[in-house]
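Take a first look at the fold before reading on. Then follow the chain step by step with the text below.

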Amino acid sequence: MTRCLSGSFRDLPPLTLLRVLSASATSGVLELLTSQGTLRLEVAQGRSAAASDDELALASRVFSSADGHYRFDPCDITPP
């Protein structure tokens, strides 16, 4: 994947998006924007880095949102 990918949760829910990134072993920066907050994840070869407790709490709120937008910018990310 070499182009930016963006859209609405209504078209591609966040958990499905994560599955696509994981299956394609893609690296880049994923931003999920919702009324519950904005989550920024660095994805290296389809996997995100370990998260703090605060980041996990925010992720839980963001992933439970029905409305929101995402943007994935492919780039080189070194796996942890």
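What do the buried residues of H1 pack against? Keep that question in mind while we set the scene. The model shown here is predicted.

Start with the parts list. The protein has two helices and five strands. Along the sequence they come in the order β-α-β-β-β-α-β. The C-alpha atoms fill a box of roughly 30 × 30 × 15 Å along the principal axes. For 80 residues, a compact globule would have a radius of gyration near 12 Å, and the protein has 12 Å, which agrees.

Now look at how the chain folds back on itself. Take the contacts with a separation of 6 or more: residues 24 or more positions apart account for 67% of them. Of the 80 residues, 32% count as buried. The exposed surface is about 5100 Å², and carbon and sulfur atoms supply 49% of it. The protein also carries 7 positive and 9 negative side chains. The centres of these two sets lie 6 Å apart.

Back to the opening question. Helix H1 covers residues 14-24. Its buried residues are Pro-14, Leu-17 and Leu-21. They span an arc of only 55° around the axis, which puts them on the same side of H1. A general rule helps here. An α-helix has 3.6 residues a turn, so residues three or four places apart point the same way. The other side of H1 has exposed residues, Arg-19 and Ala-23. Here, then, is the answer: the buried residues of H1 pack against strand E1 (5-8), E2, H2 and strand E5 (69-74).

Helix H2 can be read in a similar manner. H2 takes in residues 53-63, and its buried residues are Leu-58, Ala-59 and Val-62. Seen down the axis, they fall within an arc of 105°, so they line one face of the helix. What covers them? Strand E2 (28-34) and strand E3 (37-44) are included in the cover.

Next, step off the end of H1. The helix is followed by Ala-25, which has a positive phi, near 50°. Most residues other than glycine have a negative phi. Ala-25 is not a glycine, yet its phi is positive. This residue is found in the loop between H1 and E2. Is Ala-25 buried, exposed or partly exposed? Its relative accessibility is 44%, so Ala-25 counts as partly exposed.

Now move to strand E3, where two residues deserve a visit. Leu-41 lies in this strand. It is buried, with a relative accessible area of 17%; the cut-off for buried is under 20%. Leave out residues up to four places away in sequence, and Leu-41 touches Leu-18, Gly-28, Val-29 and Leu-30. Leu-41 and Ala-51 are 10 residues apart in sequence. In space, their C-alpha atoms are 9.2 Å apart.

Val-43 is also found in E3. How accessible is Val-43? Its relative accessibility is 3%, so Val-43 counts as buried. With residues up to four places away again left out, Val-43 touches Thr-26, Ser-27, Gly-28, Leu-30, Ser-48, Phe-72 and Ile-77. Thr-26 lies 17 residues from Val-43 along the chain, and their C-alpha atoms are separated by 7.3 Å.

Just past E3 comes a loop that leads to strand E4 (47-48), and Gln-45 is found in it. Gln-45 is another residue other than glycine with a positive phi, near 50°. Which residue from the segment after E5 is in contact with Gln-45? It is Pro-79, which is placed in that segment. Apart from its neighbours within four places in sequence, Pro-79 is in contact with Ala-44 and Gln-45. Pro-79 and Gln-45 are 34 residues apart in sequence, but their C-alpha atoms are 7.2 Å apart in space. Pro-79 has a relative accessibility of 39%, so it counts as partly exposed.

Finally, turn back to the model and trace these pieces again. H1 has its buried residues on one side and exposed residues, Arg-19 and Ala-23, on the other. The buried residues of H2 line one face as well, and their cover includes E2 and E3. In E3, Leu-41 is buried, and Val-43 is buried too.

Definitions and conventions
Residues are numbered from 1 along each chain as its sequence is written. This is a predicted model: local features need pLDDT of at least 70, side-chain atom pairs count only at pLDDT 80 or more; totals for chains, interfaces and linings use all residues. Side-chain values use heavy atoms; hydrogens and water are left out. Helices (H or I, at least four residues) and strands (E, at least two) are DSSP runs, numbered from the N terminus. The radius of gyration is taken over C-alpha atoms; the globule rule is 2.2 Å times the number of residues to the power 0.38. Buried means under 20% relative accessible area, exposed over 50%, partly exposed in between (1.4 Å probe, protein chains only). Contact means heavy atoms within 4.5 Å. Accessible areas come from the Shrake-Rupley method with a 1.4 Å probe; for residues, only the protein chains shown count as cover. Lys and Arg count as positive and Asp and Glu as negative; His and the chain ends are not counted. The place of a charge is taken as NZ of Lys, CZ of Arg, CG of Asp or CD of Glu. The arc is that of the directions from the helix axis to the C-beta atoms.
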